[in-house]
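Visitor: This structure is new to me. Please take me through it, one question at a time.

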Amino acid sequence: MLISIFILLLISVVAIALIVASGTESSLAGNYRSATGVYYAALAGLEEARGRLLPKNANSFKNTAPVSFLPSPMPIGYVSYVLNPGPTEASGNILTTYPDTEYDSEFGPGKLATATLNTTLSMWDSNPLKTSLNLPGPLYKWVRINAVSELSLKLDTYPYEGTKDPTPLYYDGAHLNDTNSGSQVLEITSLAVLPNGSQKIVQYIVTPVPITLPPFPAALTLAGSVVSSVVSYTAPATNNGFWVKGIDQDCSGSATGPKVPSIGVFTSADADPTGPVLSGIPNGSIKNNNYPGVGGSPDVEVIYTSFPPSMRSPSGLDSVIQTIIQNADATVPTTSGSAERTFLSNLLSSGAMSASSPLTVVVNGDLDLTGWSNTGYGLLLVTGTLNYDPDASWVGIVMVVGQGQVIGSKSGSGEFDGAILVARTRDNSGVLLAGSNLGSSSVNFNNGSSMGGTGVRYSNCWIQKSQPTASYKILSFHEISQ
């Protein structure tokens, strides 16, 4: 009997141990499930914000948030939130119910209270997802987007001075720096909260990755064949105010000193005094004064070696163009000239395109600017013929690549600030040219009468501001302990 009692006691102990172990395993599994769920909920907030930073995204902040939501560049002390309230929560209470205490830990006590705040709703709380989706979205509560500094990151960046400055950081492809070199670095921080109270904060440091464009070695580049003289240029015959300046100017229009060619061509025959470019510039004071660059006016230089070998052929240059098209901020409809001009005007009037928010604008076909008396900002790509009205201006990069034809014959006082590239990669039917040589590009700024306008002013500053973005690269990722 004693032995039986002892065996029953032993079995009871084992049974109790199994029950306890099973409960522990269930608790561990539940904790792991909560930790995993809240992690991916917070990560979903980071990825939504990173995706919506891209202008090509239909739900980008440029398209769905106020113009002031993401200024460029973004100053320190300017904070933008994406709010994602639950079904029973009010968006106006999110930051009160789930306060952002992490910002002050980076920038200093009380800094969030004095910051400029902007908010927008997540796509999960906006139509059409809000009304059409029967499933709940990720359970993050807010995502914060802000600029960072050496001081906030507690990091001395390149050049390493041994101090931590409060100015915005940039990334030049190799180093974080505080010298405005490269693209601005942004911080994306996401807070997720589960119904059981589990919380997680995760953070990205990101920077836009520019698309590799052809070089802009001259104020006006006429790319062409390397085996024969095929480009042509016709200047306004009597407009003494029309210049093609290869003297670099900053974004305010002040000359900075460095010089590039006024007009760049691919062959020595194109740069010959009797060639198709110089012969298109009228003799006299216009030719002697209005085309300054690295040499005396008229400065027409061979810039073929400035182009990477991969971009000297129709197929190579066209591949770059297709990348720009795929990552465009806006694609202009080409149903009629008036529709194109109205579309461009709406970009300006809505604030989507401005000096502080340059866009990559693509026209898959011809663009007729007749009667468009405005100024565009960013990169303008036209794959057909550009009919330029000198009442219009463009600040940034103009690429007429495809048909490679620019014409203009009207009066006006507009100008180009940045650089222009004209190249022919396709025939009149839009078929890609065969072989390794570009076709016959041309610029005709006379077309039967003396055209107006003040011409082209090279500006490396605006070229850099107009670089299109392919993605936002993650420089670092970490979870923030609470």
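## Strands, cores and a few residues

Visitor: In which sense do strand β1 and β2 pair?
Guide: Strand β1 covers residues 78–83, and 6 bridges link β1 to β2. Two strands count as paired if DSSP finds at least two bridges between them. Strands are DSSP runs of E with at least two residues, helices are runs of H or I with at least four, and both are numbered from the N terminus. The sense of the β1 and β2 pairing is parallel.

Visitor: From which number are residues counted along each chain?
Guide: This is a predicted model: local features need pLDDT of at least 70, side-chain atom pairs count only at pLDDT 80 or more, and totals for chains, interfaces and linings use all residues. Side-chain values use heavy atoms, with hydrogens and water left out, and residues are numbered along each chain as its sequence is written, from 1.

Visitor: Which residue of β2 stands opposite tyrosine 78?
Guide: β2 runs over 116–121 and is an edge strand. Its residue opposite tyrosine 78 is threonine 116.

Visitor: By how many degrees are neighbouring strands of the sheet β2-β1-β3-β7-β8-β26 turned against each other on average?
Guide: These 6 strands form an open sheet with mixed pairing. At its edges, β2 and β26 (469–480) each pair on one side only. Axes are lines fitted to C-alpha atoms, for helices over the stretch in contact, and angles run from 0 to 180 degrees between N-to-C directions. Direction ignored, the average turn between neighbours in this sheet is 25 degrees.

Visitor: How many of the 12 residues of strand β8 are buried?
Guide: Buried means under 20% relative accessible area, exposed means over 50%, and partly exposed is in between, using a 1.4 Å probe and protein chains only. Strand β8 (residues 199–210) is largely enclosed by the rest of the structure, because its count of buried residues is 9.

Visitor: Which residue in β26 is the bridge partner of isoleucine 205?
Guide: β8 pairs with strand β7 (residues 186–193) in the antiparallel sense over 8 bridges. β8 also pairs with β26 in the antiparallel sense, over 10 bridges. In β26, isoleucine 205 has as its bridge partner serine 476.

Visitor: Which side chain makes a polar contact with the side chain of lysine 141?
Guide: Lysine 141 sits in strand β3 (residues 140–147). Its relative accessible area is 7%, so lysine 141 is buried. A polar contact is a pair of N or O atoms within 3.5 Å; within protein, one must be able to donate a hydrogen and the other to accept it, and residues adjacent in sequence count only if both atoms are side-chain atoms. At 3.0 Å, the partner of lysine 141 is glutamate 89.

Visitor: Is histidine 175 buried or partly exposed?
Guide: Histidine 175 lies in the loop between β4 (170–171) and β5 (176–177). Leaving out residues up to four places away in sequence, histidine 175 touches Tyr158, Tyr160 and Tyr170; contact means heavy atoms within 4.5 Å. Its relative accessible area is 29%, so histidine 175 is partly exposed.

Visitor: Which strand gives the most to the largest nonpolar core?
Guide: A nonpolar core is a set of buried Ala, Val, Leu, Ile, Met, Phe, Trp, Tyr and Cys residues joined through side-chain atoms within 4.5 Å. The largest one has 74 residues, and Leu222, Tyr233, Ile263 and Met399 have the most contacts inside it. With 7 residues in this core, the top contributor is strand β21.

Visitor: How many residues of β21 are buried?
Guide: β21 pairs in the parallel sense with β19, over 8 bridges. On β23, 9 bridges join it to β21, again running parallel. β21 is mostly covered, and of its 10 residues the buried count is 10.

Visitor: How far apart are the end C-alpha atoms of helix α9?
Guide: Helix α9 (residues 314–326) has buried residues including Pro314, Leu317 and Ile321. Among the elements covering them are β19 (375–382) and β21. The expected span is 1.5 Å times one less than the number of residues. For the 13 residues of α9 this gives 18 Å, which agrees with the distance between its ends: 18 Å.

Visitor: Which strands stand at the edges of the sheet β10-β24-β22-β20-β18?
Guide: This open sheet of 5 strands has parallel pairing. Each edge strand has a single partner, so one side of it is left without a neighbour in the sheet. The edge strands are β10 and β18.
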